[in-house]
Amino acid sequence: MSQEERICGGGSAAQPEDTESTIDQMGREYAQQGGKGFRLESERGQNQPETEKAHPENKKAQKNLLQRYSTRHIILATALILLCAFYVLREVRPVADFATTYIAHPWQRFFGMIFDIFPFSVAECLVVFAAAGILAYLTITLVNILRKTEKLQRAYGALIALLAGAMTIFALICWLWSISYYSYTFEELSGIEAEEVSVEELKEVTVFFAEVANRASEAVSRDENGVHDCDKKTILSESPALYACLPEQFAFLEGSELHPKPLAFSYLMSHTCFTGVFFPLTGEANVNIHAPDNGTPSTVAHELAHQRGVTREQDANFTAVLVCMESGDVDFTYSGAILALNHLANSLRQVSYEDWEEVYSCLGENVRKDLAANCEYWTQFQTPAADLT
């Protein structure tokens, strides 16, 4: 077979016309296949189904969405990482001690000193502004969603913004406050260990504070109804020096003499049955000034204890009673005795109702009036809002 025959794919050399026509046919078929391939490549978008054609557009839209809200995504991711780290590491004692000693307490003291120059609660202002800002943001976002295009994208952006803000605040509270619950305790710092006591010992201590309350109740000022009436402005202004009287055993409570802040929305706080709150982000001790007077001095001492690094509620109560007893001020002494009496009497009532009745019968008329007024005040706030808190 000749070379020409090999090229032509067979046949005899005696048929040149057939060979030529075969070559022409192969060339036309090749050209047609190439043309077809080119047309398929150029017309791919036209011949694809709608779902396949939309796929690149969806990817592009998702990419644009991520880029459009990249800052919000970064903030949200950072907050979630901090929260995960908190829940994983909180029970690792060295981590909790380090975070409490070198992050939480320094933060609280630093910002507490800065915001102490303001006579009002900066924390309360931040809460009010945040609530108003969120309401305004949601309103504007809803209007934009209804009137403009990209409705789903705008709704997504608003959701991510709210989540990022909420998770950031939650993460800060965890690392600036909650972490202290897993760090060193009041018992470790003070050397005072909680021990089991007998009913007789519990009754003895309860009687002691009942007698202190009876004596102090005769010295405090009272209103026309015979109920304890103290000057709350004086209590708030003189309280920064309250912790200067503590013995050396409680040197760990030393700190700057900062003012507790009266809350403008104290009446609303009463609906949650809170007499005070420490806000770790601003380092401020905030006090409900609408609550009955007999509890205000001890509440001030309690919130100042939080401000000085006492985290747990029972430890802050113990510190408040201790400070009130050492204050030398009759209003603080009376309020501290009432605080201790309430907790001790409730415990005594659970284990021995007869002993509780005996202690209660020893209370003076003034103490009973104040206890009744206190009970009457808080009864009106037994609402679903109080149950949630």
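**Exercise 1. Which elements each supply at least two residues of the lining of the second largest cavity?**

Solution. The model is predicted, and every step below works on that model.

Step 1. Start with the count of enclosed spaces: the structure holds two cavities of 30 Å³ or more. The second largest cavity contains about 30 Å³ of space.

Step 2. List the lining. Gly112, Phe115, Asp116, Leu258, His259, Lys261, Gly283, Glu284, Ala285 and Gln307 line the second largest cavity.

Step 3. Assign these residues to elements. Helix 6 (93-115) and strand 3 (284-287) each give at least two residues to this lining.

Step 4. Sort by class. The lining of the second largest cavity divides into three nonpolar, four polar and three charged residues.

**Exercise 2. Describe the largest cavity by volume, lining and residue class.**

Solution.

Step 1. The volume of the largest cavity is about 70 Å³.

Step 2. Its lining is formed by Gln108, Arg109, Glu254, Gly255, Ser256, Leu258, Gln307 and Arg308.

Step 3. By class, the lining of the largest cavity has one nonpolar, four polar and three charged residues.

Step 4. Look for shared residues. Leu258 and Gln307 belong to the lining of the largest cavity, and Leu258 and Gln307 also appear in the lining of the second largest cavity.

**Exercise 3. Characterise the second largest pocket and find the element with the largest share of its lining.**

Solution.

Step 1. The second largest pocket holds about 940 Å³ of space.

Step 2. Its lining consists of 25 residues, and those nearest the centre are Ala194, Glu195, Gln314, Phe318 and Leu344.

Step 3. Two or more lining residues come from each of helix 9 (186-190), helix 10 (199-217), helix 14 and helix 15. Helix 14 has the largest share, with seven residues.

Step 4. The classes in the lining of the second largest pocket are 14 nonpolar, five polar and six charged residues.

**Exercise 4. Work out how helix 15 packs against helix 14 and against helix 16.**

Solution.

Step 1. Take helix 14 (residues 313-326) and helix 15 (residues 330-351): their axes come within 8 Å and cross at roughly 145°. The crossing of helix 14 past helix 15 is left-handed.

Step 2. Identify the residues that meet. Helix 14 contributes Asn317, Ala320, Val321, Cys324 and Met325, while helix 15 contributes Phe332, Thr333, Gly336, Ala337, Leu339, Ala340 and His343. By class, this contact has eight nonpolar, four polar and no charged residues.

Step 3. Turn to helix 16 (residues 353-361). Helix 15 and helix 16 pack at an angle of about 140°, and their axes are 6 Å apart. On the helix 15 side the contact is made by Ala345, Leu348, Arg349 and Val351; on the helix 16 side, by Tyr353, Asp355, Trp356 and Val359.

Step 4. The contact of helix 15 with helix 16 has six nonpolar, no polar and two charged residues.

**Exercise 5. Is Ser180 buried or exposed?**

Solution.

Step 1. Locate the residue: Ser180 sits in the loop between helix 8 (151-176) and helix 9.

Step 2. Apply the cut-off. Ser180 counts as buried because its relative accessibility is 3%, and buried means under 20%.

Step 3. List the neighbours. Leaving out residues up to four places away in sequence, Ser180 touches Thr100, Ala104, His105, Thr311 and Arg312.

Step 4. Set this against the whole chain. Of its 389 residues, 36% count as buried. The chain has 18 helices and three strands. Among contacts with a separation of 6 or more, 75% join residues 24 or more positions apart.

Note on methods
Residues numbered from 1 in each chain as written. Predicted model: local features only at pLDDT ≥ 70, side-chain atom pairs only at ≥ 80, totals over all residues. Heavy atoms only, no water. Axes fitted to C-alpha atoms, helices over the stretch in contact; angles between N-to-C directions. Helix = DSSP H or I, 4+ residues; strand = E, 2+ residues; numbered from the N terminus. Left-handed = near helix turned anticlockwise from the far one by under 90°. Contact = heavy atoms within 4.5 Å. Nonpolar A, V, L, I, M, F, W, Y, C, P; charged D, E, K, R; others polar. 1 Å grid on protein atoms, 1.4 Å probe; cavity = no way out; pocket = protein on both sides within 12 Å on 5 of 7 lines; lining within 4 Å. Points joined across faces, edges and corners; volume = space filled by probe spheres on them. Buried < 20%, exposed > 50% of the residue type's maximum accessible area, 1.4 Å probe, protein only.
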